[in-house]
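Colleague: I'm new to reading protein models, and I'd love a close look at just one part. Could you pick the inside of this one and walk me through what surrounds it?

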Amino acid sequence: MAGESTYCNPLALPDYPRGKCSFRKQIDQFGWTQGIVHDFRETADPSAIYHEGRWYLYPSAGMAYVSDDLVTWHHHRMTPYDIGYAPTVARHRGRFYLTACHAGLWVADDPLGPFHEVGAFVDRAGEPITDWSDPMLFADDGELYAYWGLAGDGIKGARLDGDDPRRMVTDRKVLFAFDPSHEWERRGDHNEDISTSFVEGPWMFRHEQRYYLTYTAPGTEWRTYGMGCYISENPLGPFTYQPRNPILLDRHGLVHGPGHGCIVRGPGQTIWAFYTCLGRTYHAFERRVGVDPAGIDAEGNLFVRGASEIPQLAPGTKEDPHNGNGAGWLALTTNKPVRASSHAPGRTCDYINDEHNRTWWQPADDDHAPWIEIDLMARYEIRAIRLMFAEPGLDYDHGVIPGAVRYVLESATAAEREKAEWSIVLDRSTSDEDRLIDYRQLPSTLACRLRLRLLGWPKGMSTGVSQLTVFGVARPQA
């Protein structure tokens, strides 16, 4: 097989952590979808840095993830592991500083720690900061700045003491707030509520002598969740609403609601956006993480070339991932005819390729060798697969915990089902990896039909597949 050179959103991170609201099932009634209270897993609110040739990713619910190429990620249970929602890390004067919602300041000599707690943030008068939500630390020319805000009175900022970064040396300043004239900021799946919004998730990015302060609205539970930007010549403003806004918005497909995240430089001074995208199978805060190239246009506006949900070229590939249309492969399986060995009530096989996060195929409980077959309706060269698993029965409190799902993907070149002779394309029958999302490049294979056979899943849990997407290109019939 050719070397791994592509990634696909949502990112296939191993060992997805337990959702933070999943710990509070008995007391937190906000956000549960379909009236179901169920354990779930999430990553969200990603903060990232590119340091000495490696990506370090710090999402909500469990840190951290490391990658050399945006393709293969490794999970490191660093200390602290779950500091709070919206963690952020900044390198300042050779050290790494960490904070999160309602957390104090932590410091380490390495991006994976161990981090040691320094103390709580205080204002110029030495009083504790009580609205420390969605914070971001920004190092600039030896100085350190803080930005924070979650609804309320808007996005705020202040300069910190470079020698004692817990302390603010300027008064906190409201830099901007919800503006109902910006239609995309209004609350609701159709931006219908002009009265309020969650303006949140600030992130500062500098390009040459301009400061780009990004933010998200109208709230992480809405399809309209997106990212906008204000510009200034100074870290603390005054800020002007960028003419090109929002910079990232997608209301449809599997990678929708791209919001709270970060804009960072990568290899070769490229610019990248990591962002939150929606899952919402069981809870409004059940989310995933995506990444796409970003840039500065000829007028000096920040933009993101996303959110993508087909395979994308990784940095370092022959072609520049900031140009073109990803790897050039298309989704081949969406809404194609399917049949399965069985299905549980209400979990029929047509859910497996409907491009919807909140549905899934689930075999019957007594089906111990489940399979599903997809008719591609033409001849294709298949190149990659993305599997997004559902986890019916997940129950941490009773010992039903995540683990590996073992499977085999097979192909057949015969268009007629009765003539199909199956060949193994991908063998994950001995996998011991915990992959809530599994993305794999495949050896170039001609196929008219595909079959997924599930061979094993975590003990005590039912098995389910939310989406099976195979990517490739059309090939003429022989």
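Modeller: Sure, and let's get one term straight before we dive in: a nonpolar core is a set of buried Ala, Val, Leu, Ile, Met, Phe, Trp, Tyr and Cys residues joined through side-chain atoms within 4.5 Å. "Buried" here means under 20% relative accessible area. Keep in mind that what you're looking at is a predicted model. As a rule of thumb, nonpolar side chains in soluble globular proteins tend to be buried together.

Now, the largest core of this kind holds 64 residues, and the ones with the most contacts inside it are Trp-73, Tyr-147, Ile-263 and Phe-274. Strand β20, residues 271-278, supplies the largest share of this core, with six residues. There is also another core lying apart from it, made of 25 residues, and Trp-361, Leu-409, Leu-452 and Leu-468 are among them.

Let's zoom in on Tyr-147. Leaving out residues up to four places away in sequence, Tyr-147 touches a whole list of others, including Pro-135, Met-136, Phe-138, Lys-156, Leu-175, Met-204 and Leu-236.

Which strands pair up around this part of the chain? Strand β11 covers residues 143-148, and it pairs with β12, residues 155-160, in the antiparallel sense over five bridges. Within that pairing, Ala-146 stands opposite Ala-158 of β12. Zoom out a little and you'll find an open sheet of four strands, with antiparallel pairing and the order β10-β11-β12-β13. The edges belong to β10 (136-140) and β13 (173-176); each has a single partner strand, so one side of each is left without a neighbour in the sheet. From one strand to the next, the twist averages 30°.

For another spot, hop over to strand β3, residues 54-60. Six of its seven residues are buried, so β3 is largely enclosed by the rest of the structure. What does β3 pair with? One partner is β2 (residues 44-51), antiparallel over six bridges, with His-51 opposite Arg-54 in β3. The hairpin of β2 and β3 has two residues between the strands, and Glu-52 there takes a positive phi near 50°. Another partner is β4 (residues 65-67), which runs antiparallel to β3 and is joined to it by three bridges. Here Trp-55 stands opposite Ser-67 in β4. The hairpin of β3 and β4 has four residues between the strands, and Ala-61 takes a positive phi near 90°.

Methods: Residues numbered from 1 in each chain as written. Predicted model: local features only at pLDDT ≥ 70, side-chain atom pairs only at ≥ 80, totals over all residues. Heavy atoms only, no water. Pairing = 2+ DSSP bridges. Axes fitted to C-alpha atoms, helices over the stretch in contact; angles between N-to-C directions. Buried < 20%, exposed > 50% of the residue type's maximum accessible area, 1.4 Å probe, protein only. Contact = heavy atoms within 4.5 Å.
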